[in-house]
Amino acid sequence: DKIPATLIPGDGIGPEIVESVVEILDSLGAPFEWDRQLAGLAAVGDSGDPLPLATLDSIRRTGLALKGPLTTPVGGGFKSINVTLRKEFELYANLRPARTLIPGGRFEAIDIVLVRENLEGFYAAMEHYMPLGHDPRAIAMSTGFNTRTECRRIVEYAFDYAVKNGRKKVTIVHKANILKALTGLFLEEGRKVAKEYEGRVEMNDRIVDACAMQLVLDPWQYDVIVTTNLFGDILSDLIAGLVGGLGMAPGANIGTDAAIFEAVHGSAPDIAGKGVANPLAMLLSTGLMLQHVGRADLADRLTAGIDRMLAAGLRTRDLGGTAGTRDLTDALLQQLR
Ligand code: NAI
Ligand code: MG
């Protein structure tokens, strides 16, 4: 049975890596029936609109999208398309798993899943300036908010994820000692949710700055981390760094009615069109997409193939090797056969 899904090739290296991914998914026998749509610069060139209605309609219909990176045009008054998509489809959970795939790096055997609240906090802040004396912008103000409902929903998502994926512990990361209201509410709701999972999933909490230090000194103590929007943004990049950087970092934006899967990295204009982009982050994102639609079997085959390919020594340029996108794609197709 085919599952309709929206496919957005995106900008820069997007079309190259998406092409590689589609080929590999086909060879896996993945059940997706792609509806190709435009967004980003590609869409501006086509219709003048960076996020056309046809693309939004498609995602509304399929509830499932694989998205290449989009170049956010600087200036021109475009809001970030990624932020718009999160809001439009209420994609409240940002899932960022990180696992060591390449042995011999600075950190071995890392396996951490970060769950980031995706709609609130300082990223939904009302920002403005206030004048003082002659300076109209003497004071900068930002009013972020967290709602009790959303705090509960995201922590529940994290605990639920832990149960479904055989994870043992969830760490709630906050700054409730200083941002007593904004992140105190998050911790308060988090503790309530944790009680409901007592005996099934362990819980602890960490202050975000201490957590950042511990992630570098002893990352193995972490299993699932759940945190607010801004902290999650920062810590997820830190965690991606533990496992080899942007080329290895997959992501998912998940809501109740829709989910959008994408690599964490951007459109990499510096290497676009050269055939050297690393498609692994995008491939790992499709692994999450396969799990999401209940095909963990195919996701496992995909990651096992990637493991074998990397064990055989293949590396793209960002990982210090010489392989191009095509080489990696061919090597992986061979591993999957
Ligand atoms: P970037 O992630 O595109 O690139 C940063 C560096 O990492 C570059 O040197 C690039 O060559 C390298 N890199 C990234 N992905 C790679 C891959 N798969 N293989 C090999 N090397 C890779 O970040 P940057 O340059 O800050 O942003 C470029 C554009 O992408 C901007 O317009 C930005 O707004 C957009 N962007 C879009 C995102 C999305 O759609 N989710 C996320 C981040 C940025
Ligand atoms: Mg970020």
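Entry 1, strand pairing. I began at Leu64, which stands opposite Ala259 in strand 12. I then looked up the two strands concerned and noted that strand 3 (residues 64-67) and strand 12 (residues 259-263) run parallel and are joined by three bridges.

Entry 2, confidence. I am reading a predicted model, and before going further I checked its scores: the protein averages a pLDDT of 95, with 98% of the residues at 70 or above, while ipTM is 0.98 and pTM is 0.94.

Entry 3, the whole sheet. I traced the strand order as 2-1-3-12-11-4-5-10-8-9, an open sheet of 10 strands in which the pairing is mixed. Strand 2 (32-36) and strand 9 (202-207) stand at the edges, and because each has a single partner strand, one side of each is left without a neighbour in the sheet. I also noted the twist, which averages 25° from one strand to the next.

Entry 4, helix against sheet. At the strand 9 edge I looked for what lies across the sheet, and found helix 7 lying across strand 8 (169-174) and strand 9, with an angle of about 105° between helix 7 and strand 9.

Entry 5, helix against helix. I next asked how helix 7 (residues 208-217) is placed relative to helix 8 (residues 229-242): their axes come within 10 Å and cross at roughly 5°. Since angles under 35 degrees count as roughly parallel, I recorded helix 7 and helix 8 as roughly parallel to each other. Helix 7 makes the contact through Val208, Cys211, Ala212 and Leu215, and helix 8 through Phe231, Leu235, Leu238 and Ile239. I sorted the residues of this contact by class and found eight nonpolar, no polar and no charged.

Entry 6, the ligand. Last, I listed the surroundings of ligand 1, where 20 residues lie around the ligand and His265, Gly266, Ala268, Asn278 and Asp318 come nearest. The shell around ligand 1 divides into nine nonpolar, eight polar and three charged residues.

Technical notes:
Residues are numbered from 1 along each chain as its sequence is written. Chains are lettered from A and ligands numbered from 1 in the order in which they are written. This is a predicted model: local features need pLDDT of at least 70, side-chain atom pairs count only at pLDDT 80 or more; totals for chains, interfaces and linings use all residues. Axes are lines fitted to C-alpha atoms, for helices over the stretch in contact, and angles run from 0 to 180 degrees between N-to-C directions. Angles under 35 degrees count as roughly parallel, over 145 as roughly antiparallel, 65 to 115 as roughly perpendicular and the rest as oblique. Two residues are in contact if their C-beta atoms, placed from the backbone, lie within 7 Å. Ala, Val, Leu, Ile, Met, Phe, Trp, Tyr, Cys and Pro count as nonpolar, Asp, Glu, Lys and Arg as charged, and the others, Gly among them, as polar. A residue is near a molecule or strand if its C-beta atom, placed from the backbone, lies within 6 Å of it. Two strands pair if DSSP finds at least two bridges between them. pLDDT is the predictor's confidence in each residue, from 0 to 100.
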